Amino acid sequence: SVIAVKAEEVNRGALTSPQELLRGKVPGVNIVSGNGAPGAGAEIRIRGGASLSASNNPLIVIDGVPVANDAGPGMSNGLAMVNPNDIASFTVLKDASATAIYGSRASNGVIIITTKKGSSGAPTVNFAANMYINTPRNYMDMMSASQFRNFIINEYGEGSSQANALGNTSTDWQKEVLRTTVSSDYNLSVGGTYRALPYRVSVSYTNNNGIVETTKMDRATFGLNLSPKFFNGLLSINANLRGAYIN
């Protein structure tokens, strides 16, 4: 079973990682975020889990290069170094026949990511700027400080050690920890053909501030793609250079 998803068909919004683009778009593929931190990884399952002890993560292939779905050194999400705006299409291989192409690593399925390339003609410049407001949708219904104090006194007695440990302060820790923030991202790409050499250069900056105090992600990415053809199209070369700074 093979499913292809083009870039214009994926979800849009405050997205910082490629797996968020696929959420809810491919039948049989479940994507569950590990936590709410900006840039955090996600658990990807294609047709459920197959092992109790071994990894159930699918194989991720970006422009023909297999990458680790889990975090690399110093990263919370290995896919976060790919700018979602550079992705042209996803191809999901969901059945066991994928092992004939990629071996045993593909036993849990394969997600193939193809990035955008330069096109023929005059240079084309694209710029996109987005701004997002992040805010908690709801708060847990908890006791107030006075209600909790009365509960402890009624349960253990006014002179108990539990009642003496209460103190006199009144703090709503949910509102102390959660916040409303503004996030933004900027993407600039230039693509075209220079002397019969198709090229595409892209740079991006993402500032994602989480709703939990002190959580944020700053990311700058750079991408260069060269895709020349020789001998009347009989020989094609595809060269990619990618770099990312993530804090």
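# Cores, salt bridges and a cavity in a predicted model

The largest nonpolar core has 19 residues, and those with the most contacts inside it are Leu-22, Val-26, Val-29, Phe-90, Ile-111 and Ile-113. Two or more residues of this core come from each of the strands β1 (2–6), β2 (29–33), β3 (42–46), β4 (59–62), β6 and β7 (110–115). Another core lies apart from it and has seven residues, among them Val-61, Leu-93, Ala-98 and Val-110. The model described here is predicted.

Val-29 can serve as an example from the larger core. Leaving aside neighbours within four places in sequence, Val-29 is in contact with Ile-44, Arg-45, Ile-46, Val-92 and Lys-94.

## Salt bridges

Side chains of opposite charge can pair when their charged atoms come close. The structure holds five salt bridges. Three of them are listed below, with the separation of the closest N and O atoms where it is given in that form.

| Acidic residue | Basic residue | N to O |
|---|---|---|
| Asp-86 | Arg-200 | 3.1 Å |
| Glu-213 | Arg-179 | 3.8 Å |
| Asp-218 | Lys-216 | 3.5 Å |

The pair of Asp-86 and Arg-200 links distant parts of the chain, 114 residues apart. Asp-86 sits in the loop between β5 (65–67) and β6 (87–93), while Arg-200 belongs to strand β10 (residues 197–209). Are these two residues buried or exposed? Asp-86 has a relative accessible area of 4%, so it counts as buried. Arg-200, at 11%, is buried as well. Asp-86 and Arg-200 are also linked with Arg-242 in a network of salt bridges.

Glu-213 and Arg-179 form another of the salt bridges. Glu-213 lies in the loop between β10 and β11 (216–226) and Arg-179 in the loop between α4 (173–177) and β9 (181–194), so the pair ties together parts that are 34 residues apart in sequence. Glu-213 counts as partly exposed, at 36% relative accessibility. Arg-179 is partly exposed too, with a relative accessible area of 21%.

In the pair of Asp-218 and Lys-216, Asp-218 is buried, with a relative accessible area of 16%. Lys-216 is partly exposed, and its relative accessible area is 44%.

## The second largest cavity

The structure holds two cavities of 30 Å³ or more. The second largest contains about 40 Å³ of space. Which residues line the second largest cavity? They are Asp-86, Lys-116, Arg-200, Ser-202, Gly-223, Leu-224, Asn-225, Asn-240 and Arg-242. The three residues of the salt-bridge network, Asp-86, Arg-200 and Arg-242, are thus part of this lining.

By kind, the lining divides into one nonpolar, four polar and four charged residues. Strands β10, β11 and β14 (239–246) each supply at least two residues of the lining. The largest share, three residues, comes from β11.

## Two buried residues in strands

Asn-225, one of the lining residues, lies in strand β11. Its relative accessible area is 2%, so Asn-225 is buried. Not counting residues up to four places away in sequence, Asn-225 touches Lys-116, Lys-117, Gly-118, Pro-198, Tyr-199, Arg-200, Asn-238, Ala-239 and Asn-240. Among these contacts, Lys-116, Arg-200 and Asn-240 also line the cavity. Between Asn-225 and Ala-96 there are 32 Å from C-alpha to C-alpha, and the two are 129 residues apart in sequence.

Gly-191 is placed in strand β9. With a relative accessible area of 10%, Gly-191 is buried. Beyond residues up to four places away in sequence, Gly-191 touches Ala-122, Pro-123, Thr-124, Tyr-199 and Arg-200. Tyr-199 and Arg-200 are therefore touched by Gly-191 and by Asn-225, under a contact cut-off of 4.5 Å between heavy atoms. The C-alpha atoms of Gly-191 and Ala-96 are separated by 37 Å, and these residues are 95 residues apart along the chain.

## Positive phi angles in a loop

Where is Phe-231 found? Phe-231 is in the loop between β12 (229–230) and β13 (235–236). Phi of Phe-231 is near 55°, a positive value in a residue other than glycine. Phe-231 is exposed, with a relative accessible area of 61%.

Asn-232 lies in the loop between β12 and β13. Asn-232 is not a glycine, yet its phi is positive, about 55°. At a relative accessible area of 83%, Asn-232 is exposed.

Terms used:
Residues are numbered from 1 along each chain as its sequence is written. This is a predicted model: local features need pLDDT of at least 70, side-chain atom pairs count only at pLDDT 80 or more; totals for chains, interfaces and linings use all residues. Side-chain values use heavy atoms; hydrogens and water are left out. A salt bridge is a side-chain nitrogen of Lys or Arg within 4 Å of a carboxyl oxygen of Asp or Glu. Helices (H or I, at least four residues) and strands (E, at least two) are DSSP runs, numbered from the N terminus. Buried means under 20% relative accessible area, exposed over 50%, partly exposed in between (1.4 Å probe, protein chains only). A nonpolar core is a set of buried Ala, Val, Leu, Ile, Met, Phe, Trp, Tyr and Cys residues joined through side-chain atoms within 4.5 Å. On a 1 Å grid over the protein atoms alone, a cavity is a set of points where a 1.4 Å probe fits but cannot get out, and a pocket is an open set with protein on both sides within 12 Å along at least five of seven lines; lining residues have an atom within 4 Å of a point. Grid points are joined across faces, edges and corners, and a volume is the space filled by probe spheres set on the points. Ala, Val, Leu, Ile, Met, Phe, Trp, Tyr, Cys and Pro count as nonpolar, Asp, Glu, Lys and Arg as charged, and the others, Gly among them, as polar.
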